[in-house]
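The exercises below ask for a careful reading of side-chain contacts, helix packing and backbone angles, each followed by a solution in steps. Please look at the sequence and the structure before starting.

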Amino acid sequence: MPRTPIDITVPDLSGRRAVVTGASDGIGLGIATRLAAAGAEVLLPVRNPRKGEAAISTIRQAAPHANVSLRELDLSSLASVAALGETLQEEGRPIHLLVNNAGVMTPPDRQTTADGFELQFGTNHLGHFALVAHLLPLLRAGQARVTSQVSVAANQGAINWDDLNWERSYDGRKAYSQSKIAFGLFGLELDRRSQANSWGITSNLSHPGVAPTNLLAARPEVSRDKDTLSVRLIRAMSARGILVGTVQTAKLPALYAALSPDATPGGFYGPSGPGHLGGPPGEQKLYSRLRSADEAQRVWLISEELTKVPFPNG
C-alpha cells in the first residue's frame, strides 16, 4: 500500500547562510537540498571531498540555481574543527542556520578520534560542541537558530561518567546513547546560556526517528565491512510502510525545528507517528535523560575541559 506523502512548507531563505554537517549523503543531504532549493547559501563541511562533490551534483539536479559549496571538516579531529572555524571567521559572513546533523554509530570495536576520545563521543558530541564554540561570533551575528540532531538512542542508557571514553569496557550501543544524550544536553544548555548571556541565538533539538540511512550500513571508515542486520530489517519495514520512516521523511523534523515559526527555543521535534519512529514532524515530550539542567551544566563544563575550547562567559 503506497504511503501518503509527508512534507512541510519551507520558507524563502534568500539571503540566509546555512551550515549543515553530515550533508554528503542521507538525511543531511536531504536537509541541505531543501535549504538550497529555498534560496539559502548552503555550506557543506565534509570529510570526504569526493562524496561532497557528488552531494553538490545531487543538490544541483534538484535545484539548478543552488548556491552551495564545500568546506573541509573532520569532526573527529579538533584541529580540523578549529581550522573550519578559522576559515569561516576569515570569510566574515554571519551564519543564520546551523544544523548539527553528522554522526557515527556503533562501530563494532572501540575506536578513537585524532585526540584520543572514544569515536562516537568525540565525533557526535565533542566535535559539534567545539564547532559551535568556534562559530559562536558568526552565529551571534546572524542571530542563528542551531538545531542539533539527536536520536531515539538518547532515550536509552546513560552517560558513563566514570569512564566517558569507554576504555575499561566498550559497548558500542551504550557509547552511542551516551554521545547522543550528551549532545542533547549540550543543545538545550546552549539555548539557556544564550538567553542568560544575550547571545541572540536559539537552540533546539530534533531526531529523525528510525529510517534506512547509512548509519548502520557497511562503512569501511568505522571498520564495518557489511550492512548490519538492523539496517536490513529497517529497510524492509520502511519499504512496506511499517512503523518506521523513510530517508525522505527522516529529514523533516530537523527542517521543522530549524525553520518553522512554531518551533520554539529549547524544543524537541521528531516524527509524530507510533513510537515516534516515523510520520510527520511535530513537537514531542523531552526524553527523561535530557531534562536535568544540572546534568547539562556538567556536560558543558567537562566538554570545555576536554576540548580546551571555552565559550565566553557573557
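**Exercise 1.** Locate glutamine 143 in the chain, and state what is noteworthy about its phi and whether it is buried or exposed.

Solution. Glutamine 143 has its place in the loop between helix 4 (119-141) and strand 5 (145-149), where helices (H or I, at least four residues) and strands (E, at least two) are DSSP runs numbered from the N terminus. The model is a predicted one, in which local features need pLDDT of at least 70 and side-chain atom pairs count only at pLDDT 80 or more, while totals for chains, interfaces and linings use all residues. Residues are numbered from 1 along each chain as its sequence is written, and side-chain values use heavy atoms, with hydrogens and water left out.

The next step is the backbone angle: most residues other than glycine have a negative phi. The phi of glutamine 143, however, is near 45 degrees, a positive value in a residue other than glycine. With a relative accessibility of 61%, glutamine 143 counts as exposed, given that buried means under 20% relative accessible area, exposed over 50%, and partly exposed in between (1.4 Å probe, protein chains only).

**Exercise 2.** Where is tryptophan 166 found, and is it buried or exposed?

Solution. Tryptophan 166 is found in the loop between strand 5 and helix 5, and, although it is not a glycine, tryptophan 166 has a positive phi of about 55 degrees. Its relative accessibility of 7% makes tryptophan 166 count as buried.

**Exercise 3.** Describe the aromatic pairs made by phenylalanine 311, and place them in the cluster that contains this residue.

Solution. Begin with the rule: rings of Phe, Tyr and Trp (its six-membered ring) pair if their centres lie within 6.5 Å, and planes under 30 degrees apart count as stacked, over 60 as edge-to-face and the rest as tilted. By this rule the count is 10 aromatic pairs. In one of them, the ring centres of phenylalanine 186 and phenylalanine 311 are 6.4 Å apart with the planes at 55 degrees, so the pair is tilted. Because phenylalanine 186 lies in helix 5 (residues 172-197) and phenylalanine 311 in the segment after helix 9 (293-307), the pair ties together parts that are 125 residues apart in sequence.

Turn next to tryptophan 300, whose ring centre is 4.5 Å from that of phenylalanine 311, with the planes at 50 degrees, so this pair is tilted. This pair links tryptophan 300 in helix 9 with phenylalanine 311 in the segment after helix 9, 11 residues apart.

For accessibility, phenylalanine 186 counts as buried at 1%, phenylalanine 311 counts as buried at 6%, and tryptophan 300 counts as buried at 1%. Finally, Phe129, Phe183, Phe186, Trp199, Trp300 and Phe311 form one aromatic cluster.

**Exercise 4.** Which residues are joined into one network by salt bridges that share partners?

Solution. A salt bridge is a side-chain nitrogen of Lys or Arg within 4 Å of a carboxyl oxygen of Asp or Glu, and by this rule the count comes to 8. Arginine 93 forms one with glutamate 41, the closest N and O atoms being 2.7 Å apart. Since arginine 93 lies in the loop between helix 3 (78-91) and strand 4 (97-100) and glutamate 41 in strand 2 (residues 41-46), the pair ties together parts that are 52 residues apart in sequence. Arginine 93 is partly exposed at 37%, whereas glutamate 41 counts as buried at 11%.

Glutamate 91 forms a salt bridge with arginine 71, with 2.9 Å between the closest N and O atoms. Glutamate 91 lies in helix 3 and arginine 71 in strand 3 (residues 67-72), so this pair ties together parts that are 20 residues apart in sequence.

A further salt bridge joins the side chains of glutamate 189 and arginine 192 (3.0 Å, N to O); both residues lie in helix 5, 3 residues apart, about one turn of the helix. To answer the task, the network formed through shared partners consists of Arg17, Glu41, Arg71, Glu91 and Arg93.

**Exercise 5.** At what angle do helix 1 and helix 8 pack?

Solution. Helix 1 (residues 26-37) and helix 8 (residues 252-259) pack at an angle of about 45 degrees, with their axes 9 Å apart; axes are lines fitted to C-alpha atoms, for helices over the stretch in contact, and angles run from 0 to 180 degrees between N-to-C directions. Helix 1 and helix 8 are therefore oblique to each other, as angles under 35 degrees count as roughly parallel, over 145 as roughly antiparallel, 65 to 115 as roughly perpendicular and the rest as oblique.
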